[in-house]
Amino acid sequence: MHTKSHQVFIQSQNLQFKTQTLTLDPSQTLTLHNLKLSLLPDNLNPSSFYFTLNGKPLKDSSFLPNPQIAPLSTLILQTRLSGGGGDGGATGAESRDCYLNMYAEKKPDKIDLHEQRLSKWLNCSLSNEPLKPPCVIDRLGNMFNKETLVEALIGKKLPKEFGYIKGLKDMINIQLEVVPSEGLGNARFQCPVSGLEFNGKYKFFSLKNCGHVLSAKALKEVKSSACLVCYKEFEECDKIVINGDEEEVVVLRERMEEDRLKVKDKKRKVKHGIVDVKGGDKVAGKIKGNGKVENVKGVSNGGSKRFKAGDMVPANATKDVYASLFTSSQKNKFKETYSCRSLPLGRN
């Protein structure tokens with residue numbers, strides 16, 4: 001039976017190569033230590049290098065492939081900084097080897113902030129796997145693979161940090177523009193208008209009505225109340241900043257809570273029969289089966305004016321004649337007896 005292979009990317013800024021593509025065969029096992037030996041020249045010590053994934057260090061004993069390293073992931077080959085004074089003299093430690101081993105174990109625990117930022121723009125916030133359509137964002141601007149998020153909701157496995165996501169109504173489908181060729185760094189998406197890469201260096205917004213993801217630069221330079229891609233109208237409140245800073249997330253959270261209160265208030269009004277009177281204030285009453293409102297507070301029984309044809313007389317028309325077209329307003333002028341029935345002229 002043929003087993004499907006998948007690819008990962010190897011990147012290094014300190015060696016001659018920048019990015020390499022590695023095709024993994026599931027039927028074969030390969031450790032990260034073996035991978036280092038195949039990449040490094042003979043004059044370099046393999047223990048001076050280590051791999052990271054999304055800013056987190058990986059052990060040399062890790063096997064490839066494995067569930068931790070998803071297809072199309074990017075492994076970064078980092079240089080391990082040496083410790084000590086650098087002059088070969090005493091360091092104050094009882095054993096230099098002991099000191100170096102201690103330093104080597106602690107140093108990889110530090111997370112590369114650049115990689116951490118890049119990971120937020122390339123990977124799903126829930127599974128940490130590479131983003132692949134269909135993608136969604138929540139109302140705070142976090143990005144997800146839609147399938148992963150839906151499965152977590154159905155299985156009730158959503159972490160507490162995403163507890164505000166209750167269902168599909170809290171997801172917004174987004175449309176990401178794929179970079180036609182390999183971008184700088186690792187970016188796989190870009191702004192469809194300005195071409196700026198989706199890598200965390202630039203601010204991006206998603207439009208809630210259509211889902212297109214545009215850079216702040218494009219929205220600023222092209223002043224428009226319509227999407228620059230599909231031309232669908234939007235308002236300022238329809239813009240959701242993606243991976244915003246703390247202040248921007250606070251604003252989005254407040255907006256989310258306001259929207260939820262409006263929905264609850266609307267449901268409460270429907271439940272208690274609260275209606276809006278056109279051109280007036282909100283009033284409360286019971287809604288009958290025929291759609292009429294009964295016992296409305298603040299509106300008397302004579303509050304609604306009855307339509308009279310005489311009030312809508314066209315120009316150059318006699319009021320009585322025009323009214324007779326719609327009513328029998330002249331009926332009271334005719335009297336009936338037991339022997340005859342009086343009818344107005346023209347009706348007999």
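## A walk around S225

Start with the whole protein in cartoon view: its secondary structure comes to seven helices and 19 strands (DSSP runs numbered from the N terminus, with helices being H or I of at least four residues and strands E of at least two). This is a predicted model, where local features need pLDDT of at least 70 and side-chain atom pairs count only at pLDDT 80 or more, while totals for chains, interfaces and linings use all residues. Residues are numbered from 1 along each chain as its sequence is written, and side-chain values use heavy atoms, leaving out hydrogens and water.

Of the 348 residues, 33% are buried (under 20% relative accessible area, with exposed over 50% and partly exposed in between, using a 1.4 Å probe and protein chains only).

Now select S225. You will find S225 in the loop between α5 (216-221) and β15 (239-241). With a relative accessible area of 41%, S225 is partly exposed.

Next, add K232, E233 and F234, which S225 touches when residues up to four places away in sequence are not counted (contact means heavy atoms within 4.5 Å). Then show E235: ten residues from S225 in sequence, it lies 6.7 Å away in space, C-alpha to C-alpha.

Zoom in on the side chains of S225 and E233, joined by a polar contact of 3.0 Å (a pair of N or O atoms within 3.5 Å; within protein, one must be able to donate a hydrogen and the other to accept it, and residues adjacent in sequence count only if both atoms are side-chain atoms).

Last stop: V229, also placed in the loop between α5 and β15. V229 is partly exposed, at 33% relative accessible area.
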